[in-house]
Amino acid sequence: MDRRTFIGSVTAAALMSRLGWSAAEHRIERIGLELYTVRDALAKDFEGTLAQVAKIGYKEVEFAGYFAHLPDFNPSPKRTREILDGDGLSAPATHVPYSALSPENWPKVIEASKVLGHEYIVNPSIDRELVKQPDGWKRAAETFNRAGEESQKAGIQFGYHNHVEEFKPTADGKLRYDILLAESDPKFVKMEMDLCWAHEARVDPLAYFAKYPGRFPIVHVKDFDKNDVMTEVGSGVIDWKSIFANSELAGIKHYLVEQDKSALPFVSSEKSYQYLKQLTW
């Protein structure tokens, strides 16, 4: 192998690693869990819950609710980081409420996120009163641009997570998700696509990947069965191989399992993990 070929091979391998999957057989290397899945257990036993998540095999987690009571944190960002490190976990992303994006709160969010090692700060829902206004989604995009520019100065990317409502039209016929994508700066605002809610809204994520390549560094991975009931990943109807075959186009770097409802969330989390662990494409 000559020097040019060697460098090219190393570069390609590094790229695949950053994208979160192996180039040789297209397998997810670091599977993550959105901690909303185990929220009740986390509220009762924060440290023990993270240890149990790590024991399943997860390498990454995304927080939900941790920033709900700014400026109070329980446990502190420093202690939380120690717990994560002790369990061999990283927290590349977190969810924060829309109120956290205010000029008063946003610096506190960024400061804590740096301690926690977050690469992404994600808003999963826009203020309910704002979206009732005719220009609410456009104004939300303006807030996202401002927050994203500020967080990027600290080396953290801002993102937005969808539910079903973003794929409904406004009064002028435009899809709300399309407004957010068009009005937000792709440099400052990325998307965390919840693939399950996209499926429920009957939209094609591959069409969005093609139209906005590289805009989707994080995806939520959860499934619906044939009766439209949320279930473990791989137990439902979503064609994961077809979606993940477009990971490079989409720019996906983090695959986060989430199951909003489960009688046995740790059992469900393990089933989803085992499916994704063996999935290749």
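# Working through a parallel barrel

E2 and strand E3 (residues 90-95) run parallel and are paired over three bridges. The model is a predicted one, so take the exercises below in that spirit.

## Exercise 1: Close the sheet

Work out which strands form the barrel and in what order.

*Solution.* Start with the E2–E3 pair, which is joined by three bridges. On the other side of E2, look at E1: three bridges link E1 to E2 (residues 60-63), again in parallel. Now go the other way from E1, and you reach strand E10 (residues 254-257), also parallel and also joined by three bridges. Continue round and eight strands close into a barrel, ordered E1-E2-E3-E4-E5-E6-E7-E10, with parallel pairing. On average, neighbouring strands of this sheet are turned by 30° against each other, direction ignored.

A helix to add to the picture: H6 (residues 136-153) packs on the sheet, where it touches E4 (120-123), E5 (157-161) and E6 (189-194). The direction of H6 makes about 150° with that of E5.

## Exercise 2: Read the faces of E1

Sort the residues of E1 (residues 31-34) by the way they point, and say whether they are buried or exposed.

*Solution.* Recall the rule first: side chains in a regular strand alternate between the two faces of the sheet. In E1, Ile-31 and Leu-33 point one way, while Gly-32 and Glu-34 point the other. As for burial, all of these residues are buried. Next, find the partners across the bridges. Gly-32 has Leu-256 as its bridge partner in E10, and Glu-34 sits opposite Glu-62 in E2.

## Exercise 3: Place a glutamate

Describe the surroundings of Glu-60.

*Solution.* Begin with the address: Glu-60 belongs to strand E2, and in E3 it stands opposite Ser-90. Then check accessibility. The relative accessible area of Glu-60 is 5%, so this residue counts as buried. What does the side chain of Glu-60 make a polar contact with? The partner is the side chain of His-254, at 2.9 Å. Finally, list the company. Setting aside neighbours within four places in sequence, the contacts of Glu-60 include Arg-30, Ile-31, Gly-32 and Leu-33, as well as Leu-89, Pro-92 and Leu-256.

## Exercise 4: Hunt for odd backbone

Find cis peptide bonds and residues with positive phi, and say where they lie.

*Solution.* The background is that most residues other than glycine have a negative phi, and most peptide bonds are trans.

- Leu-70 to Pro-71 is a cis peptide bond, with omega near 5°; Pro-71 is in the loop between E2 and helix H4 (77-86).
- Asn-74 and Pro-75 are also joined by a cis bond, with omega about -5°, and Pro-75 lies in the loop between E2 and H4.
- Arg-202 is not a glycine, yet its phi is positive, about 65°. Arg-202 lies in the loop between H8 (195-200) and H9 (205-211) and is exposed, because its relative accessibility is 57%.
- Asp-228 also has a positive phi of about 65° without being a glycine. This residue is in the loop between E8 (223-224) and E9 (230-231), and at 34% relative accessible area it is partly exposed.

## Exercise 5: Judge the whole chain

Test the chain against the radius of gyration of a compact globule.

*Solution.* For 281 residues, the compact globule would come in near 19 Å; the chain has 19 Å, so the two agree. The C-alpha trace spans about 55 × 50 × 40 Å along its principal axes. Buried residues account for 49% of the chain. Of the contacts with a separation of 6 or more, 76% link residues 24 or more positions apart.

Conventions: Residues are numbered from 1 along each chain as its sequence is written. This is a predicted model: local features need pLDDT of at least 70, side-chain atom pairs count only at pLDDT 80 or more; totals for chains, interfaces and linings use all residues. Side-chain values use heavy atoms; hydrogens and water are left out. Buried means under 20% relative accessible area, exposed over 50%, partly exposed in between (1.4 Å probe, protein chains only). Helices (H or I, at least four residues) and strands (E, at least two) are DSSP runs, numbered from the N terminus. Two strands pair if DSSP finds at least two bridges between them. A polar contact is a pair of N or O atoms within 3.5 Å; within protein, one must be able to donate a hydrogen and the other to accept it, and residues adjacent in sequence count only if both atoms are side-chain atoms. Contact means heavy atoms within 4.5 Å. The radius of gyration is taken over C-alpha atoms; the globule rule is 2.2 Å times the number of residues to the power 0.38. Axes are lines fitted to C-alpha atoms, for helices over the stretch in contact, and angles run from 0 to 180 degrees between N-to-C directions.
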